Amino acid sequence: MVSSTVELLKEELPVNQESLVLSEDVKTGLVLVDIVNGFCTVGSGNLAPTQPDEQISGMVDESVKLARVFCEKKWPIFAFLDSHHPDIPEPPYPPHCIAGTHESKLVPALQWLENEPNATLRCKDCIDGFLGSIEKDGSNLFIDWVRNNQIKKILVVGICTDVCVLDFVCSTLSARNRGLLVPLEDVIVYSNGCATFDLPIHVAKTMKDAIAHPQELMHHIGLYIAKGRGAKVVSEVSFGA
């Protein structure tokens with residue numbers, strides 16, 4: 001039933017996706033959203049998958065491949081890490097990614113990024129990484145990263161497609177339109193580099209106040225809304241000469 005619903009939705013609300021070729025000619029930055037254990041590693045907390053998940057594993061693999069190439073080329077990378085104070089809840093979600101714990105750390109396949117000079121890591125305590133980049137003095141670390149590196153395109157990957165990724169993309173597009181992110185022109189979402197969680201309706205019905213969240217359906221909706229807000233959505237990423 002769910003699969004047929006998803007296919008119907010994709011027909012009625014299509015997300016036309018392009019192929020992206022990146023080159024040295026246009027300064028591009030890679031943004032990694034919340035690729036941490038608490039969302040991606042089996043058994044690592046309240047919001048982690050309870051069993052191996054193909055969509056999430058694929059997202060991690062694609063993100064690692066891109067990060068490797070960006071580092072080889074010494075292109076800029078900005079990585080958000082969900083990281084919460086234990087006494088400050090984030091409703092409607094249960095406690096997750098508590099600062100300093102295993103959950104708030106990058107997945108093992110990306111931990112090498114911590115030592116890369118072209119990578120900026122930002123711990124955030126809210127869904128939207130753009131807001132989570134605001135410092136106490138009112139400055140914004142993400143805006144500074146774009147300006148200092150003179151970035152014209154950002155390529156966005158991570159989790160969850162329809163939650164943290166989408167919120168960040170929408171805020172970034174609004175900031176770009178307001179002229180806050182000069183010289184940024186394009187916000188690009190790589191569909192195979194994104195994933196979301198799965199909470200089927202039959203499981204949600206057994207949980208108090210839970211809302212069903214079918215993975216493939218919500219992944220598509222996240223991409224559709226991002227594209228509708230002005231992001232480009234791509235299905236393939238390659239690197240030109």
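## Cysteines, core and helix H3

The count of disulfides (pairs of cysteine sulfur atoms within 2.5 Å) comes to 0. The model is predicted: local features need pLDDT of at least 70, side-chain atom pairs count only at pLDDT 80 or more, and totals for chains, interfaces and linings use all residues. Residues are numbered from 1 along each chain as its sequence is written, and side-chain values use heavy atoms, with hydrogens and water left out.

The table lists two cysteines whose sulfurs are too far from the closest cysteine sulfur for a bond. Buried means under 20% relative accessible area (1.4 Å probe, protein chains only).

| Cysteine | Closest cysteine sulfur | Relative accessible area |
|---|---|---|
| Cys 97 | Cys 40, 8.7 Å | 0%, buried |
| Cys 160 | Cys 164, 6.3 Å | 10%, buried |

A nonpolar core is a set of buried Ala, Val, Leu, Ile, Met, Phe, Trp, Tyr and Cys residues joined through side-chain atoms within 4.5 Å. The largest one has 67 residues, and Val 31 is among those with the most contacts inside it. Leaving aside residues up to four places away in sequence, Val 31 touches (heavy atoms within 4.5 Å) residues including Phe 78, Trp 145 and Phe 168.

Helix H3, a DSSP run (H or I, at least four residues) numbered from the N terminus, covers residues 54-72. Its buried residues include Ile 56, Met 59, Val 60 and Ser 63. An α-helix has 3.6 residues a turn, so residues three or four places apart point the same way. Just after H3, Lys 74 takes a positive phi of about 60°.

Key: Buried < 20%, exposed > 50% of the residue type's maximum accessible area, 1.4 Å probe, protein only. Helix = DSSP H or I, 4+ residues; strand = E, 2+ residues; numbered from the N terminus. Expected span 1.5 Å × (residues − 1).
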